[in-house]
Amino acid sequence: MTQANKPDIKYLFEPRSVAIIGASHSKGKIGYKMVENIVYGGYKGKIYPINPKGGEMLGLRAYTGLDEVEGDIDMACIVVPAKYTFDAVRECARKNVKYLVVITSGFSEIGNRDEENQIVEFAKENGMRVLGPNIFGIYSAGGKINATFGPKDIMEGGVSIITQSGALGIAMIGKTKAENIGLSSIISLGNKADVDEADLLEYLVNEERTKVIMMYIEGIKEGERLICKLKEITRKKPVVVIKSGRSKRGAMAAASHTGSLAGADEVFSSIMTQCGVLRAESIEEALNWCKFFTEIPAPKGENCVIITNGGGIGVMCADACEKYGVELYDDIKTMKDAFADAVPPFGSLKNPVDLTGGAAIEDYERCIRAALNHKNIDSIICLGCEAAVFDVDKLPDMTESIFKDKRNLKPIVFSFVGGSRLEEKIGEMRRRGIPVFPELYSGVSCLGAAYRQFRYSKAQVEPDAVVDIDADTINEVIRGARADDRTFLLAHESSRVMEAAGIIMPQSRVARNLDEAVKYAESIGYPVVMKVVSKDIIHKSDAGGVALDLDNKEEIIDAYQAIMRNCKAYKADALIEGVEIAEMVNIKAGVETIIGARIDGSFGPTVMFGLGGIYVEVMKDVTFRSFPLTHREAVKMVSEIKSYALLLGVRGEKKKDINEVVNTILKVGAILQKCSDISDIEVNPLIVYEEGKGAKALDARILLTKSKVVE
Ligand code: COA
């Protein structure tokens, strides 16, 4: 299928006509439910139930086959058993159907991959696209169509859900309704044999009803395409993702659930951050965020103020703000300016603003309004403990009058702690649609998500970083290795690749005699290392063929003679080509880091950075990004590792050359990008020196793809 004959994704969300192949006369069957939901949902287009017995169904004529239908068909829902599915797809091709919504199970999720592939290939050849198989269908408010066998009453609203799990999706329809969250669409992806998240986002990016998108993902197939779409959409609207398979067992279960490849969780998480996607820990958190995004104004600035009547919950809230990245405003002059009239003399004007246990509901209202009216304050968290003078009966009216005040364009979060009377009022406030949270961490988590979205959408668009490397030289090295039938590079070949990319490795030269050894040591600069070069001596140290930390000419002469003597004694007939003189690197003078790049199974080219050396395996303090990436993302990537403080300098040490780390990440990524024969690069350790003094790669391992690419 070419781009030209690919049907517009609009026809999946807004079909003008729909056929249900396998529409059943029996009420208990999925084929009946599908027709019922489409009819009940008020679909305005043409509906064609298809059943071999014909007859009538829910007041509609049932056709015995698609060939009997006279009009065009945009969408065909297939609800016949797996063994009849391909026949139904062939029928659809004859009728030039645009989208196939294949509800039927029994394909790749149970190992029947071949038939699934054949169906998709055939559909594509005939200009049709496949949603599913193994799905519960699609609901779209834009098309006023509920082509699912889930609940018939779907509440319309601003959240669009894309789900790889069918059962979870159906449950989500019920859950969103219970939480008063309206949907603009819900799409089940199932085995994702053809239509995937990126296709759906193409429609949702400009669909006005959709204010926020929530995705439940188990595995990614075409990650590079998805990354492009996500980067585009998250600038315009928030995307919340839940991905299962964080744990090893979870990942295995996900892989067998929809037959997809679950990528490493750390890679997924890092790349989602890079794309501006908000990853939620749980369904509850994701739904809370979605509700918040559809109901609460977005922040316009960073300054958040906490208003409380209890010091304890104020402190807890400050902790929550730090955890979720909400910045507490600290300008004491503004705080006095805004709150001096509202806070009692024994209260606190510092953030959190403490009205103390004596605060009445009226004090709260005065204080919140003061915050809403102050130009320097951008968001408010209002907390309360049920205290003696705290009249809980007045809470719903007070919070409602503030929240529903049209002049209020700032996000506000309420959280109250108390007994059963208060709980009752919290329930009432929620029913009235006020953003009140029984648990303050949930409320702050919503505000944190809103801030992350604010920062991402406001950040200036930056082009991907471009670095210049000598790709011709690298490809020449690769050709040499290919000629040798190797899929890995030898040490000196890797060094050439690093040099061609401008990554500094310790200087080294091979000296054929003592004079050269002295000359090279002097040109490299002391201290140096001397190692015997002989293909007959593999274990150089065992043979006494290595001398470290040589500081001057005399030590070079002594070491050279000692090495020659030792090696002759070790293996009399060894052919000695000379000695390698290499710069002696002081590892302790810097921080050991690791930089990697590889072609990820889900996301394509990715780069990795972390704390290196012996710690990498234990600490797993690494972070990932998809490549190419912007300079800003590369900087962010470096600052994300837990041991970042080591690069900033601890215990009076100077800051390390973070700039050089960023440059090296970009160079390593560029090698992978420009030399398609390379599949893996690992620079470990990269010793990072003080700011301005650069970094040095002590070792580089490079693997080639199994199949040859370079000519
Ligand atoms: N064209 C049109 N209708 C056809 C047909 C064809 N080629 N072949 C059969 N039918 C009709 C049948 O006559 C029947 O109608 P009837 O009940 O009026 O006789 C209807 O299609 C359904 O066929 P049936 O054989 O009864 O299948 P079923 O309803 O038991 O199961 C599926 C069909 C698709 C629901 C089932 O195979 C399936 O895959 N179930 C799992 C679905 C699922 O869970 N998906 C994932 C959700 S997350």
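These exercises walk through one predicted model, each with a worked solution.

Residues are numbered from 1 along each chain as its sequence is written, and side-chain values use heavy atoms, with hydrogens and water left out. Because the model is predicted, local features need pLDDT of at least 70 and side-chain atom pairs count only at pLDDT 80 or more, while totals for chains, interfaces and linings use all residues.

**Exercise 1. The chain as a whole**

Task: State how many helices and strands the chain has, and what share of its residues is buried.

Solution:
- Step 1. Start with secondary structure. Helices (H or I, at least four residues) and strands (E, at least two) are DSSP runs, numbered from the N terminus. The chain has 24 helices and 29 strands.
- Step 2. Turn to burial. Buried means under 20% relative accessible area, exposed over 50%, partly exposed in between, with a 1.4 Å probe and protein chains only. Of the 711 residues, 54% are buried.
- Step 3. Add the extent. The C-alpha trace spans about 100 × 80 × 40 Å along its principal axes.
- Step 4. Look at contacts, meaning heavy atoms within 4.5 Å. Take those between residues at least 6 apart in sequence: 73% of them join residues at least 24 apart.

**Exercise 2. Domains**

Task: Give the bounds of the domains, then the distance between the centres of domain 1 and domain 3.

Solution:
- Step 1. The bounds come from an automatic or database domain assignment. Domain 1 covers 297-458, domain 2 covers 507-583 and domain 3 covers 587-704.
- Step 2. Between the C-alpha centres of domain 1 and domain 3 there are 42 Å.

**Exercise 3. Nonpolar cores**

Task: Find which residues touch the most other members of the largest nonpolar core.

Solution:
- Step 1. Fix the term. A nonpolar core is a set of buried Ala, Val, Leu, Ile, Met, Phe, Trp, Tyr and Cys residues joined through side-chain atoms within 4.5 Å. In soluble globular proteins, nonpolar side chains tend to be buried together.
- Step 2. The largest core holds 80 residues, and I307, F339 and F416 touch the most other members. Helix α16 (residues 440-458) gives the most to this core, eight residues.
- Step 3. Zoom in on F416. Beyond its neighbours within four places in sequence, F416 has contacts that include C382, L395, I426 and P438.
- Step 4. Do not stop at one core. A second, separate core has 55 residues, among them C77, V101, I227 and I233.

**Exercise 4. Cysteines**

Task: Count the disulfides, then explain why C290 forms none.

Solution:
- Step 1. A disulfide is a covalent bond between the sulfur atoms of two cysteines. The test here is a pair of cysteine sulfur atoms within 2.5 Å. The count is zero.
- Step 2. Check C275. The nearest cysteine sulfur, in C228, is 8.6 Å away. C275 is buried, at 0% relative accessible area.
- Step 3. Check C290. The closest cysteine sulfur, in C446, is 9.5 Å away, so the pair is too far apart for a bond. C290 is also buried, at 0%.

**Exercise 5. Empty space**

Task: Give the volumes of the largest cavity and the largest pocket, and name what lines each.

Solution:
- Step 1. Set the terms. On a 1 Å grid over the protein atoms alone, a cavity is a set of points where a 1.4 Å probe fits but cannot get out; a pocket is an open set with protein on both sides within 12 Å along at least five of seven lines; lining residues have an atom within 4 Å of a point. Grid points are joined across faces, edges and corners, and a volume is the space filled by probe spheres set on the points.
- Step 2. There are four cavities of 30 Å³ or more. The largest has about 110 Å³. Its lining includes N288, F292, R430 and F437. Helix α10 gives the largest share, four residues.
- Step 3. The largest pocket has about 1400 Å³. Of its 40 lining residues, T273, Q274, R452, K636 and E640 are closest to the centre. Helix α9 gives the largest share, six residues.

**Exercise 6. One residue in α9**

Task: Decide whether M272 is buried or exposed, and list what it touches.

Solution:
- Step 1. M272 lies in helix α9.
- Step 2. M272 has 1% relative accessible area, so M272 is buried.
- Step 3. Leave out residues up to four places away in sequence. M272 then touches L230, V241, V277 and F603.
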